[in-house]
Amino acid sequence: MRTIKITTLLSILIISCASKNEAQTSKNSKPNVILVMTDDQGYGDLALHGNTIIKTPEIDQFYKESYHLTDFHVGPTCAPTRSGLMTGRYADEVGVWHTVGGWSLLRENEKTLGDMFTQAGYVTGGFGKWHLGDNHDFLPENRGFQQTVMHQGGGVEQTPDYWGNTYFNDTYFKNGKPQKYTGYCTDVFFGEAIDFIKTNKDKPFFCYIATNAPHGPYNVPVEYYNMYKDLSDDILSDSQKRFYGMITNADENFGKLRKSIKQLGIADNTILIFMTDNGTSNGYNNKDGKVRGFNAGMKGNKGSEYEGGHRVPFFIYWKNGKITGSKDITALTANVDIMPTLADLCGIQLPKNHLELEGKSFVPLLRGKAFDTNRILITDSQRVQEPRKWKNTSVMQDKWRLINGKELYNITNDPGQKNNIASKNPEKVVELTKFYDQWWNKTVPTFKDVVSFKVGTKQENPITLTAHDVHGAEGQQPWNQTLIRNGAMGLGYWNVDIVEEGNYEIELRRYPIESKLALNAVAKGISKQELPGLENPVPAGIKMNYVTAIVQFGNGNKEETKVDPNALSANFKMHLKPGKTILNANFIDNKGQENVAYYVYIKKV
């Protein structure tokens, strides 16, 4: 009897000690963080928000278990949202107010979420879309992300991306080096992220999964398109069916991710976030007098200053942090709040040498505590070479929205922003205008901070420049490979910083090096029979008939050469002096038309 009591007592003590140790370990261990962000999926592109057509069962289930920020805002387009997410600062302040044209490059002095988590001892990984620069100083590998698998540019098959990518069986960049992958882009990015998590499950990690889907072109595995193909064209257009299929595929991958972290035993101490980067690009339209799709009653799509352009889903779950169980949080929040919020939740410091944050931690909201509901936030869509005051701008306070300095709405009673009540609320217009004016006047001087490509460094020699990043008027950047194939006309220049005087070799190309195509060659197309998942066939393109190539640095150093039509490039040898300048690199065809060189390679010798 006594032996049984002693044994029982020992068992109780062992269990008690084990429980204390487990509690202590849980208390002391930093949470993992997984942030999933899809591309161009809007607030209404989820079944849980009232869309009766789309199939998103995995995210719907996650919604039932998570907290939801129901008034969460981002930039109206891709790169601006990412810059705010990564830095906690407004896009216009960090040099990322466009998606092309040399203004999607995150300035070197900005610190990122990758920097913050690396500084705190986390293992960091990024998978999918970066869209904050593709050259050495801007790459995620040099902005705090230790392991990456990403495409380049603003989407798969854009100009900086690996030549010939189609979303299927593509070449992506693993830790900055091209590597061939098998499978659909979203499957690859989630698969690589899950492998990263498995490898680092015993360490605190930050995993950033930013899918290319459902960004256009709407290429999707046939089985996902087939889920929607039989719907009437009056309900969804063909491209919308593809768009929905891409979202359902991403949803399925999100479910695989959740299953994986549960099997690894790390789900309870992992902060898991699902969000999107801007309003819908194709989930809703009103063409030919027919409304197709669903936008949750909001006005505007991707790129718009109205709610439909920048109000997006944001769901967060962390069981050990008691952020679990379906709960709506209705306060105004934004992408710039994510950095301080994650620092707060994880008990870590903001990145060293960070600049003034516009965001603030919304942890008090998650804990049911007081939060400043009178705060004012700004979002805009500039997409020009130099931002213009009030261009496509929304100034937000609680449920008030001042649009372009002229229209005022209260979305409590007018979620579709149909009734301009500015004349009835002049004091609110004055208040929001004053705040915007102060912010604008503070920000304007930074617009002159030129972001330059460093030429002649040991880290990147040769350096590759593409037409995606030339400074020019809207529409003068041939930003995707279809435009390259079709010989789209471009015009503009690159800002460059020659870091060391010396002799340089400069190659102007129509096609990138990996294509192995001659200047006047016609690239091979891809039919839908060859690759049924394509939205449209990949065009073979046209012959350009270039006869002359011209390179000029600044107002001097101009050279011209005749083009060998069978050559891979037009080549120059130039002696360059150090300093910041501009580079013009162009071809002239047999009709005398000038066109920007789509690809330029500069090597110090």
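The legends below describe close-up views of a predicted model.

**View 1. Helix α8, residues 238–263**. Helix α8 has 26 residues, and its end C-alpha atoms lie 38 Å apart. At 1.5 Å a residue the expected span is also 38 Å, so the end-to-end distance agrees with the length of the helix. Of the 26 residues, 20 are buried, and α8 is therefore mostly covered, buried meaning under 20% relative accessible area. After the helix comes Gly265, which has a positive phi, near 75°.

**View 2. The largest nonpolar core**. This core contains 65 residues. Trp494, Leu508, Phe553, Val600 and Ile602 have the most contacts inside it. Helix α12 (residues 426–443) supplies the largest share of the core, 5 residues. Apart from this core lies another, of 50 residues, which includes Ile194, Leu236, Phe254 and Ile261.

**View 3. Surroundings of Val600**. With neighbours within four places in sequence left aside, Val600 is in contact with Ile463, Thr464 and Leu465, among others. Its contacts also include Trp494, Ile506, Glu507 and Leu508, as well as Leu583 and Ala585. Trp494 and Leu508 are, like Val600, listed among the residues with the most contacts inside the largest nonpolar core.

**View 4. The aromatic pair of Trp130 and Phe145**. The whole structure holds 34 aromatic pairs. In the pair formed by Trp130 and Phe145, the ring centres are 5.7 Å apart and the planes meet at 75°, an edge-to-face arrangement. Both residues belong to the loop between β4 (123–128) and β5 (147–150), and they are 15 residues apart. Trp130 has a relative accessible area of 2% and Phe145 one of 1%; both values fall under 20%, so both residues count as buried.

**View 5. The aromatic pair of Phe196 and Phe205**. This pair is edge-to-face, with 6.1 Å from centre to centre and 80° between the planes. Phe196 and Phe205 are both buried.

**View 6. An aromatic cluster**. One cluster is formed by Tyr90, Trp97, Trp103, Trp390, Tyr436, Trp439, Trp440 and Phe447.

**View 7. Charged groups over tyrosine rings**. The charged end of Lys55 sits over the ring of Tyr228, at 4.7 Å from the ring centre. Arg242 lies over the face of Tyr225, 4.8 Å from the centre of that ring.

Definitions and conventions
Residues numbered from 1 in each chain as written. Predicted model: local features only at pLDDT ≥ 70, side-chain atom pairs only at ≥ 80, totals over all residues. Heavy atoms only, no water. Helix = DSSP H or I, 4+ residues; strand = E, 2+ residues; numbered from the N terminus. Expected span 1.5 Å × (residues − 1). Buried < 20%, exposed > 50% of the residue type's maximum accessible area, 1.4 Å probe, protein only. Core = buried A, V, L, I, M, F, W, Y, C linked by side-chain atoms within 4.5 Å. Contact = heavy atoms within 4.5 Å. Phe/Tyr/Trp six-rings, centres within 6.5 Å; stacked < 30°, edge-to-face > 60°. Lys NZ or Arg CZ within 6 Å of the ring centre and 35° of its normal.
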